[in-house]
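Biologist: Mind walking me through this one? I'd like to hear the reasoning behind each label.

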Amino acid sequence: MTENAPGSVDLGRGLTLPNPVGLASGTAGYGFELEQLIDINRLGALYTKGTTMDARAGNPPPRVAETGGGMLNSIGLQNPGVDSVATTYAPRWTGWSIPIIVNIAGGSVDEYVHCVSVLEPVSEVAGIELNISCPNIAQGLDFGRDPAEAARLVAAVRAVTQRCVIVKLSPNVTDIAAVARAVEDAGADAVSAVNTYIGRKIHRATGRSVLPLGTGGLSGPAIQPLALAAVAAVCAAVHIPVIGVGGIIDAASARDFLIVGACAVQVGTATFVNPETALQVLDGLRVDDY
Ligand SMILES: Cc1cc2nc3c(=O)[nH]c(=O)nc-3n(C[C@H](O)[C@H](O)[C@H](O)COP(=O)(O)O)c2cc1C
């Protein structure tokens with residue numbers, strides 16, 4: 001890193017990221033494949049795949065579809081379940097210097113609380129990201145769309161963890177600032193914004209939706225200006241740290257999020273195009289960018 005390379009980011013409750021550039025949830029799994037391709041430990045954080053109480057097989061294929069300037073996904077939270085993450089995956093993170101932030105999803109408050117409780121004694125876990133914004137499972141948006149429900153969930157999780165709790169916000173709402181304020185008031189240490197936008201692609205030969213569930217989540221450069229507007233609204237609404245995510249492809253598009261008030265960023269879909277993208281973003285940022 002150069003002399004002017006970006007420095008650490010304090011997200012609260014003892015979670016300090018060594019630099020502001022992380023890998024977005026669901027686009028780097030649990031890090032094990034990417035670790036073989038890039039120097040993952042140079043990055044600021046790995047936000048894991050959404051992890052649930054029980055293992056999930058995910059949605060039927062096809063689960064992804066290319067769109068203009070982006071992609072739709074409908075993975076459906078395929079993951080091995082929180083017990084496997086705690087007992088099988090976490091030991092493999094021992095010795096990694098990149099902070100591991102486990103992204104948690106669930107269908108009820110009890111499921112979220114269970115997952116966070118299982119991870120509480122696991123020393124390799126640096127923080128929790130609560131996914132209240134998955135558009136690809138039946139109850140995925142229940143907590144993310146209603147400020148009161150979001151606050152109820154965060155308060156329950158807050159009661160069972162000393163760790164930094166980041167809440168991942170959905171852009172598929174009327175007023176994202178209202179949800180951000182509600183989770184801040186309920187005890188969230190930070191928020192990340194945004195998850196994917198609900199989208200649909202038609203198979204032109206058949207006239208049917210390409211994705212079996214009809215819709216999926218849109219990500220990639222197509223959403224960057226939308227995500228930027230949402231992040232700016234969130235930054236204006238809360239006093240806790242905001243992590244910007246959505247359509248980042250290079251240092252310039254990451255810097256936009258820092259300009260509107262985010263303190264850190266996540267790189268998602270662009271990693272599929274080039275696994276080095278997050279490192280290139282990091283190398284292109286300077287300490288005076290934020
Ligand atoms: C294939 C795929 C899987 C994803 N899985 C998750 C997930 O499990 N939990 C989550 O909070 N976000 C998930 N996301 C959303 C990303 O973390 C990110 O918020 C979104 O893709 C926007 O960023 P991007 O345009 O840089 O990809 C997923 C995105 C993609 C493309």
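Biologist: Before anything else, which residues come nearest to the ligand?

Modeller: Keep in mind that this is a predicted model. Gly 26, Gly 50, Ser 219, Gly 268 and Thr 269 come nearest, out of 26 residues around the ligand. A residue gets into that group if its C-beta atom, placed from the backbone, lies within 6 Å of the ligand.

Biologist: What makes up the shell around the ligand, in terms of nonpolar, polar and charged residues?

Modeller: It divides into 15 polar, 9 nonpolar and 2 charged residues. Gly counts as polar here, so watch that when you read the split.

Biologist: How do you know which strands close into a barrel?

Modeller: Follow the pairing: S3-S4-S7-S8-S9-S10-S15-S16 is the order in which 8 strands close, and the pairing is parallel. From one strand to the next, the twist averages 25 degrees.

Biologist: Why do S3 and S4 count as a pair?

Modeller: Pairing takes at least two bridges, and strand S3 (residues 21–23) has 2 bridges to strand S4 (residues 45–47), so they qualify, in the parallel sense. Gly 22, for instance, has Ala 45 in S4 as its bridge partner.

Biologist: What packs on the sheet by S3?

Modeller: Helix H9 (residues 277–284) does, touching S3 and strand S16 (264–267). Its direction makes about 175 degrees with that of S3; the scale runs from 0 to 180 degrees between N-to-C directions, so H9 runs nearly opposite to S3.

Biologist: And why does the radius of gyration agree with a compact globule?

Modeller: The rule puts a compact globule of 290 residues near 19 Å, and the protein has 17 Å, which agrees.

Definitions and conventions
Residues are numbered from 1 along each chain as its sequence is written. This is a predicted model: local features need pLDDT of at least 70, side-chain atom pairs count only at pLDDT 80 or more; totals for chains, interfaces and linings use all residues. The radius of gyration is taken over C-alpha atoms; the globule rule is 2.2 Å times the number of residues to the power 0.38. Helices (H or I, at least four residues) and strands (E, at least two) are DSSP runs, numbered from the N terminus. Two residues are in contact if their C-beta atoms, placed from the backbone, lie within 7 Å.
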